[in-house]
Amino acid sequence: MEYRDFDLLIERAAQGYRAQVLNSPAGQATADFVLPFSDLELENVLLRLGRPVRTVRRLESTEMSTAKSFGEALFNAVFSGDVRACLRSSVDEAKRDNAGIRVRLRLADPALADLPWEFLYVKSVNRFLALSVQTPLIRYMDLPEVVQPIAVTPPIRVLVMISSPTDYPSLDVEAEWQRLNEALGDLIKAGTLLLERMEEATLAALQRRLRRSQYHIFHFIGHGEFDQTLQEGVLLLEREKQRGHRVGSQYLGMLLHDHESLRIAVLNACEGARSSKHDPFAGSAQTLVQQGIPAVIAMQFEIADDVAQTFAHELYGALADSYPIDAAVTEARKAIFAMGREVEWATPVLYLRAPDGRIFDVDRSAAVTPAATVAQPGPEAAPPPSVVTTQIEPLATMTPKEQSLALLRSAGRALGTGDFAGALEVLQHARALDPSSPALADLTAMAEGQRAVAETRAKLRAQFREQLDAAVALLTRHDLAAASARVVEALRLHPGDPEARAIQVQIARQMDEARVAAVAAGRPGASPARGDRAREAPPGPPVANPAAPRRSGDVGAKPASEPSAPGKPEAARKNPANDESDLQES
């Protein structure tokens, strides 16, 4: 779909703020306004919208009513007078050209960045602007560097970093990775997307990975917050021994900036979209855009796991279908809304500096159709049977270079599903056809590296299970000291494992019981039982309460020793509309 830009600058004025249309199909316009709510009212609204209650079953939830009231009041304040007339005329003009209107917000006052502009709501048509591909809403950051779309031959390569330091509330890293793969499974199997996971969530590991391979998207899952002292957005990465490392976004941006093919950063971490009231580039997302990333998607509220999965699936699928990034984000928002999540679709925020939203120029003719069958090539380059049904056309009709490219795509799909041995076997056939292919070395190194990692992890899992089984056997024989030592070793191999922690707690309880029994028997000075000596063993790392619901990137993640105090938000006041004239339905 084609779009016409509606550039809206919002800046401080003598009395409140000024909305100025810099560019639109209908020309320019200006209108002054004041925000229709106090700081306290805004805080209460954000608390309601940021923590929706999902157990309510009614035609329209309280959160939805709050979102509409807030969005309507904000729309009526900003789009008043000549600005509203200009928007209406621009929409009509664009429709005559069978185009949409891209609303590009330019927020000159940093204090406005924390407002959830994505909720702008037009009452007369009962529509949120950001929920329609006719009117995608972006936060535009005008920077001097020109952004041109890059040509991409599928698969789109996504580098995934999942960070869960041991001294902060833990994420289930394996579950996060599995959920992401399940959400994107059809895109991976179709050969349009390739996920690659970093085994270490450190800056050094990221630098090495970017140096050795090309990626198009950086996808971060973990904790994030806005540091009030530093007035800077930070992401929680890892350092030695998996301890937490608070990394300012400028450092992350410096690494990502030089990776020319990387065009999008997705930050699945809370407060990634938050900024300073004094510096428009202080937030995590804003800093990455300033450092040169054309598009950054960050979260302005907590985001539930299933919402994050749906968003990633629809976003990446739309990008593979050659949608502009703003339209792709809108498609993802609509998918979340269709799930019945009435307000969580507004959690992702798009910061963009690409003028037309074009990030990739995807060669869709190179996409692989899994259902297609192929003929066997000659014996010198016959692919393994598992690959025969995954090519786009018969290999016999291709040139050797085209056959090699088809096999490389097949190897990429095998990597995406974890079949490293199959990928390496396919790559051997591709090497016989086109040994000079630049992608061949990259995929081979990736497959060998991931196979080595998988083998190491399998070995560690086996050692962990051996230690845990031995601990259980020793516990049944009441050899508490030896059982405790085995559990400590198991936790060293798999820090935070809930099963191991449960056994450790059971051992500690039995030790306490033995000590109490010894005191009751009149032997307070007696040497402790073998199990009591195990109390000297170092405890396992702390883990989050498994019964508590967890969301990816909880707001303001803090070490387990520093829990945040809950608050009691006041009820938000409904903001009345001040103007009934608005967009007309087509």
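Among contacts between residues at least 6 apart in sequence, what percentage join residues at least 24 apart? In this chain the figure is 73%. Here are my notes for someone meeting this structure for the first time; keep in mind that the model is predicted.

1. **The overall picture.** The chain has 586 residues, and 54% of them count as buried. Its secondary structure comes to 16 helices and 18 strands.

2. **The main core.** Start with the largest nonpolar core, which holds 93 residues. Leu-8, Trp-117, Phe-119, Leu-315, Tyr-316, Leu-319 and Ile-325 are the ones with the most contacts inside it. As for the elements that build this core, helix H9 (residues 305-320) gives the most, with nine residues.

3. **Trp-117 and its neighbours.** Trp-117 is a good residue to click on, being one of those with the most contacts inside the largest core. Leaving aside residues up to four places away in sequence, Trp-117 touches Ile-10, Leu-74, Val-78, Leu-105, Leu-107, Leu-112, Leu-137 and Arg-139.

4. **Another core.** There is also a second, separate core, this one of 28 residues. Met-141, Ala-201, Phe-220 and Leu-237 are among its members.

5. **Strand E9.** Have a look at strand E9 (residues 156-162): seven of its seven residues are buried, so the rest of the structure largely encloses it. In a regular strand, side chains alternate between the two faces of the sheet. For E9, both faces are covered. Ile-156, Val-158, Val-160 and Ile-162 are buried on one side, and Arg-157, Leu-159 and Met-161 are buried on the other.

6. **Who E9 pairs with.** Strand E10 (residues 193-197) runs parallel to E9 and is joined to it by five bridges. To find this pairing on screen, go to Val-158, whose bridge partner in E10 is Leu-195. Strand E11 (residues 217-221) also pairs with E9 in the parallel sense, over five bridges. There, Leu-159 has Phe-218 as its bridge partner.

7. **Aromatic pairs.** Rings count as paired when their centres lie within 6.5 Å, and the count by this rule is eight aromatic pairs. Take Tyr-17 and Phe-33: their ring centres are 5.8 Å apart and their planes sit at 25°, so this pair is stacked. It links distant parts of the chain, with Tyr-17 in strand E2 (residues 16-23) and Phe-33 in strand E3 (residues 29-33), 16 residues apart. Both Tyr-17 and Phe-33 are buried.

8. **An edge-to-face pair.** Phe-119 and Phe-128 have ring centres 6.3 Å apart and planes at 70°, so they are edge-to-face. Phe-119 is buried, and Phe-128 is too. These two belong to one aromatic cluster with Tyr-121 and Trp-345. Phe-119 also turns up among the residues with the most contacts inside the largest core.

9. **Arginines over rings.** The charged end of Arg-104 sits over the ring of Tyr-140, at 4.1 Å from the ring centre. Arg-157 has its charged end over the ring of Tyr-215, 5.1 Å from the centre. You've already met Arg-157 as one of the buried residues of E9.

10. **Helix H2.** How many of the 17 residues of H2 are buried? The count is 15, so to speak of H2 as mostly covered is fair. Its length checks out too: at 1.5 Å a residue, the 17 residues of H2 (residues 62-78) should span 24 Å, and the end C-alpha atoms are 24 Å apart, which agrees.

Methods. Residues are numbered from 1 along each chain as its sequence is written. This is a predicted model: local features need pLDDT of at least 70, side-chain atom pairs count only at pLDDT 80 or more; totals for chains, interfaces and linings use all residues. Side-chain values use heavy atoms; hydrogens and water are left out. Rings of Phe, Tyr and Trp (its six-membered ring) pair if their centres lie within 6.5 Å; planes under 30 degrees apart count as stacked, over 60 as edge-to-face and the rest as tilted. Helices (H or I, at least four residues) and strands (E, at least two) are DSSP runs, numbered from the N terminus. Buried means under 20% relative accessible area, exposed over 50%, partly exposed in between (1.4 Å probe, protein chains only). A charge sits over a ring if NZ of Lys or CZ of Arg is within 6 Å of the ring centre and within 35 degrees of the ring normal. A nonpolar core is a set of buried Ala, Val, Leu, Ile, Met, Phe, Trp, Tyr and Cys residues joined through side-chain atoms within 4.5 Å. Contact means heavy atoms within 4.5 Å. Two strands pair if DSSP finds at least two bridges between them. The expected span of a helix is 1.5 Å times one less than its number of residues.
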